[in-house]
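Biologist: Before any terms are applied, may the sequence and the model be placed before us?

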Amino acid sequence: MNHTESTDVIVIGGGPAGSATALYLSMKGHRVLLLEQAHFPRDKVCGEFISPAADDLLDELGLLESIEALSPQRLLGVSIAAYGEDELNIDYPDLSGQKMASLSLPRITLDALMLDAVEQKGVKVLQGHKVTDLILQNDQVVGVEGRDDRKNPFSFKAKVVVDAGGRNCISLRRLGLRQENVAQGKIALAAHWSGAEFSQPYCFMHISRPGYTGMAPVGPGQMNVVLVVDQHLIHGKNADEFYRQSVLKNPLRRKMLANATMTEKVRLVESLAYSVKPPSCGGLLLVGDATGFMDPFTGEGIFLSLKSAQLAAGVIDRAFAEDNFSFAGLSQYENLRQKEFSKKFVLSKILQGMIYRPILARWMIRVLRENITLAQKLVGVIGDYVPAAKVVSLTYLVQFLSAACRRLLGK
Ligand SMILES: Cc1cc2nc3c(=O)[nH]c(=O)nc-3n(C[C@H](O)[C@H](O)[C@H](O)COP(=O)(O)OP(=O)(O)OC[C@H]3O[C@@H](n4cnc5c(N)ncnc54)[C@H](O)[C@@H]3O)c2cc1C
């Protein structure tokens, strides 16, 4: 393909959302061009544990076998502790008699494996190609332009452009879609540690001042430790020192990391949470983090990326069948996305409201400790395979409050 040709679909970005979209579309027989600004393998700040529900999607994409061949860590569930409260290990509940576990592997490995699979599928992948603008005609996106590593300009045309460029993607800037969530004001600091000690593999969520950590074992003795704090706390401070001190301030983390060393400099993601207005033009869909990001506490970003790719590919396939790439032709995508994710977003918001309030956070853990069925249901929802409606419901609220009352009355 030379720089003036056109194709069926252009995908911007080769992260999980972009690679999955390209794979789904090529499986449906569409010609796809994927443009990625970086050269893989490239790293990405992430908690690096993947909801158990993603297994089915990775399998559908033909990726699970190659991932399993790398012998990745499998985590049994979530181990949560808050403000001095003992850890509570909550295993993922079985699904139809099947044991569930989350995958945990470094993003540098996962993303490269996915993009390799895209190329092997025959999709044209151009790395070192940064998209700098969308081409719009009559309120419809009809292509992209940009520059490659050697500063050579390029432009490509397509019936549909899928922006999978993540939190800094071009569409959010070009179309003014990003809505900063200033109230959240959080920053994430992440680094891998080697020599961590723990008895069983869980995703360890430790909430204490000045913020919370998500710790995922990603290999033998290897631990990925992500700290999330208020952004203003780090102003004027050395990020590495602040991170190390904050991580080791917590006794549970200190115990696990007593003999461990950080194997890299700390990496940051600022302005963690943001919401996004859906585009109001035709010819364009957003997938993955380009659709918004709440907070990594419930760790569903990779699953959401894969699922939004699956939904987008279905809608694009129908648009080709009907030869309608207008806003109306693609509008079903937003409805499907809302239907799929809105309840989970409500749950994430509720949990975020609780974890930053010590009294509420401790109370929640104490109630869950004595009601393992309620705890497992919650973790199944966090793992994206139990419908969020099972927890975001009056029934669950009543069960939770009755459990809390029984606890109070000592019954
Ligand atoms: C601190 C933190 C912890 C997290 N922890 C977890 C977790 O434990 N589990 C989980 O499931 N999720 C987690 N997430 C979320 C997860 O990382 C994201 O949801 C996921 O990476 C989104 O994938 P994506 O493909 O949309 O974007 P990305 O992975 O960001 O990929 C976007 C790609 O697009 C490319 N790109 C961008 N702009 C352009 C352009 N203009 N031209 C060409 N290429 C471009 C980039 O180079 C990049 O390769 C976490 C996120 C953060 C910030």
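**Overall form**

Modeller: The protein chain has 411 residues and a radius of gyration of 22 Å, and a compact globule with 411 residues would have one near 22 Å, so the two agree. The radius is taken over C-alpha atoms, and the globule rule is 2.2 Å times the number of residues to the power 0.38. The model is predicted: local features need pLDDT of at least 70 and side-chain atom pairs count only at pLDDT 80 or more, while totals for chains, interfaces and linings use all residues. Residues are numbered from 1 along each chain as its sequence is written.

Biologist: What box do the C-alpha atoms of the protein chain fill, and how many helices and strands are there?

Modeller: Along the principal axes, the box is roughly 70 × 45 × 40 Å. The protein chain has 13 helices and 21 strands, which are DSSP runs numbered from the N terminus (helices: H or I, at least four residues; strands: E, at least two).

Biologist: Why is Ile207 called buried or exposed?

Modeller: A residue is buried if 20 or more other C-beta atoms, placed from the backbone, lie within 10 Å of its own, exposed if 12 or fewer, and partly exposed in between. Ile207 has 22 C-beta neighbours inside 10 Å and therefore counts as buried. Ile207 belongs to strand S14 (residues 203-208). Of the 411 residues in the protein chain, 44% are buried.

Biologist: Which residues does Ile207 touch, leaving aside those up to four places away in sequence?

Modeller: They are Ala82, Tyr83, Tyr212, Ile355 and Ala361; contact requires C-beta atoms, placed from the backbone, within 7 Å. Ile207 also lies 7.9 Å from Ile80, C-alpha to C-alpha, although 127 residues separate them in sequence.

Biologist: What makes H1 and H4 roughly parallel to each other?

Modeller: The axes of helix H1 (residues 16-27) and helix H4 (residues 107-120) come within 9 Å and cross at roughly 25 degrees. Axes are lines fitted to C-alpha atoms, for helices over the stretch in contact, and angles run from 0 to 180 degrees between N-to-C directions. Angles under 35 degrees count as roughly parallel, over 145 as roughly antiparallel, 65 to 115 as roughly perpendicular and the rest as oblique. H1 and H4 are therefore roughly parallel.

Biologist: Which residues make the contact of H1 with H4?

Modeller: H1 contributes Pro16, Ser19, Ala22 and Leu23, and H4 contributes Asp111, Met114, Leu115, Ala117 and Val118. By class, seven are nonpolar, one is polar and one is charged. Here Ala, Val, Leu, Ile, Met, Phe, Trp, Tyr, Cys and Pro count as nonpolar, Asp, Glu, Lys and Arg as charged, and the others, Gly among them, as polar.

Biologist: What is unusual about the backbone at Asn138 and Asp384?

Modeller: Most residues other than glycine have a negative phi, and most peptide bonds are trans. Asn138, which is not a glycine, has a positive phi of about 45 degrees, and Asp384 has a positive phi near 70 degrees.

Biologist: How do you know whether Asn138 and Asp384 are buried or exposed?

Modeller: Asn138 has 9 other C-beta atoms within 10 Å and is therefore exposed. Asp384 has 26 C-beta neighbours inside 10 Å, so Asp384 counts as buried.

Biologist: Where is the peptide bond cis?

Modeller: One cis bond joins Phe40 and Pro41, with omega about 0 degrees. Another runs from Arg209 to Pro210, with omega near 10 degrees.

How values were computed
Two residues are in contact if their C-beta atoms, placed from the backbone, lie within 7 Å.
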